[in-house]
Amino acid sequence: MSERIPTLDDFIEPAVPAAHRSRQALVRWGSRVVTIGGGAPVRVQAMTNTDTVDAIGTAIQVKELAIAGSEMVRITVNTPEAAAQVPYIREQLDRMGIDVPLIGDFHYNGHRLLTDYPACAEALSKYRINPGNVGKGDKHDRQFAQMIEVAAKYDKAVRIGVNWGSLDQELLTELMDANAQLAEPFEPQQIMYRAILTSAIQSARRAESLGLRADQIILSCKMSGVQDLISVYRALAKRCDYALHLGLTEAGMGTKGTVASTAALGVLLQEGIGDTIRVSLTPQPGEARTQEVVVALEILQALGLRQFNPSVTACPGCGRTTSTTFQELAKEIDDYLRAQMPVWKAKYPGVEKMKVAVMGCIVNGPGESKHADIGISLPGTGEAPAAPVFIDGDKALTLRGDNIAAEFHALVERYIDKRFGAAAAASH
């Protein structure tokens with residue numbers, strides 16, 4: 001009988017039977033708490049790209065990201081000067097009424113910064129620790145322990161974030177050497193997967209042994225390849241029940257970064273894997289940092305996992321729609337709805353579920369408009385210069401003339417106030 005060839009599962013502890021069911025993790029600041037995992041909504045996270053030493057500039061960008069929809073914001077804490085400014089950033093946010101937890105991103109010297117600057121340690125709600133960057137040799141365990149002990153002391157959540165670009169080289173070398181001794185060695189990529197999983201899970205268990213509670217731990221295993229990310233997170237979800245943070249690291253800029261992040265996160269979220277997400281886009285010249293938040297919100301909304309903004313359905317255009325009116329109106333309405341949402345959240349509860357249709361011709365225009373809460377079917381090439389408007393599935397009126405866009409805009413505003421304003425008044 002021939003000897004069984006081992007598989008990757010032989011290197012890793014047995015999988016947890018059943019789908020991933022994450023424990024609840026709590027991110028606290030003051031008397032406030034954000035719940036992660038354990039059935040809570042998937043949370044959106046972003047990261048600043050300001051110099052943290054610039055407390056005002058950083059606070060302003062945190063505010064922008066929070067208003068755009070980020071529920072947690074990570075800032076770089078890389079120097080003593082940056083650590084000293086963290087409490088002032090928190091103060092500025094509180095003065096501006098920005099109720100968002102701050103996450104400190106630590107590499108290499110986090111053990112010193114958290115120990116030497118206790119006000120920084122207290123002002124942050126969560127620490128991000130990379131096991132590959134906490135020290136070499138005998139310093140690794142000691143410096144990791146220092147950071148965990150500070151987190152336990154101040155009751156802070158910790159994301160243990162393994163990144164394949166900064167993987168623990170000593171662990172990787174050890175696993176590669178063991179693999180080389182096998183009669184049928186695995187591919188290097190498989191060993192890298194094993195090293196990433198081992199680093200994350202062993203670090204989490206060590207953190208618990210040092211006094212950190214399971215509800216203070218979030219894990220991540222960042223990769224820059226779509227298929228790599230999917231494979232590693234599927235394996236991670238089978239082998240632990242910690243809350244998981246998803247993100248494709250170094251996703252890229254523009255269309256490339258958006259598509260890659262959407263492809264990777266969409267697959268995992270559809271499988272029930274992931275409790276917080278970040279879309280790591282490289283901003284294009286002149287592009288707002290908030291674009292990464294917009295993409296993250298759209299991913300969750302497209303999957304039906306959360307609802308953030310009213311949706312605007314618009315046709316792509318074809319030879320029937322030589323006019324660009326429907327494109328311009330769709331963008332105007334979409335931009336308007338997004339801009340108003342920070343105000344409407346309190347004034348019009350439920351407005352984020354509204355559906356608006358702006359269509360360009362008779363083929364799908366009336367049908368899509370009927371399915372929306374409010375929709376307009378603009379005239380296509382050769383059609384009569386009339387634009388029927390449908391409200392709650394019924395044709396309400398027809399717009400004509402040169403002011404169709406402005407008149408429909410006003411109709412949308414009145415519809416929101418009548419439907420959602422009345423609901424808010426009734427609830428009071």
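Start with the surface of the whole protein chain: its accessible area comes to about 19,500 Å², and carbon and sulfur atoms account for 51% of that. What is on screen is a predicted model.

**The whole chain**

Keep the full chain selected and switch to the C-alpha trace, which spans about 80 × 65 × 40 Å along its principal axes. Colour by secondary structure, and 13 helices and 17 strands appear. Colouring by burial instead marks 50% of the 428 residues as buried. For contacts between residues at least 6 apart in sequence, 66% join residues at least 24 apart.

Next, select the charged side chains. There are 44 positive and 49 negative charges, and the mean positions of the two sets lie 4 Å apart.

**The sheet E13 to E17**

Now select strands E13, E14, E15, E16 and E17. These five strands make up an open sheet in that order, with mixed pairing. At its edges are strand E13, residues 311-314, and strand E17, residues 394-400, each of which pairs on one side only. From one strand to the next, the twist averages 20 degrees.

Zoom in on residues 386-391, which are strand E16. Strand E16 and E17 pair in the antiparallel sense, over six bridges. Within this part of the view, pick proline 388 and look across to E17: threonine 398 stands opposite.

Then add residues 325-347. This is helix H11, which lies across E13, strand E14 (355-359) and strand E15 (374-377). Relative to E14, helix H11 runs at about 160 degrees.

**Two loop residues with positive phi**

Leave the sheet and select tyrosine 108. Tyrosine 108 sits in the loop that follows strand E5 (102-106) and precedes helix H3 (110-116). Its phi is near 70 degrees, a positive value in a residue other than glycine. Is the tyrosine 108 residue buried or exposed? Tyrosine 108 counts as exposed because its relative accessibility is 60%, and the cut-off for exposed is over 50%.

The second stop of this kind is aspartate 155. Look for aspartate 155 in the loop between helix H5 (138-154) and strand E7 (157-163). Aspartate 155 is not a glycine, yet its phi is positive, at about 60 degrees. With the accessibility colouring on, aspartate 155 has a relative accessibility of 27% and therefore counts as partly exposed.

Notes: Residues are numbered from 1 along each chain as its sequence is written. Side-chain values use heavy atoms; hydrogens and water are left out. Helices (H or I, at least four residues) and strands (E, at least two) are DSSP runs, numbered from the N terminus. Buried means under 20% relative accessible area, exposed over 50%, partly exposed in between (1.4 Å probe, protein chains only). Contact means heavy atoms within 4.5 Å. Accessible areas come from the Shrake-Rupley method with a 1.4 Å probe; for residues, only the protein chains shown count as cover. Lys and Arg count as positive and Asp and Glu as negative; His and the chain ends are not counted. The place of a charge is taken as NZ of Lys, CZ of Arg, CG of Asp or CD of Glu. Two strands pair if DSSP finds at least two bridges between them. Axes are lines fitted to C-alpha atoms, for helices over the stretch in contact, and angles run from 0 to 180 degrees between N-to-C directions.
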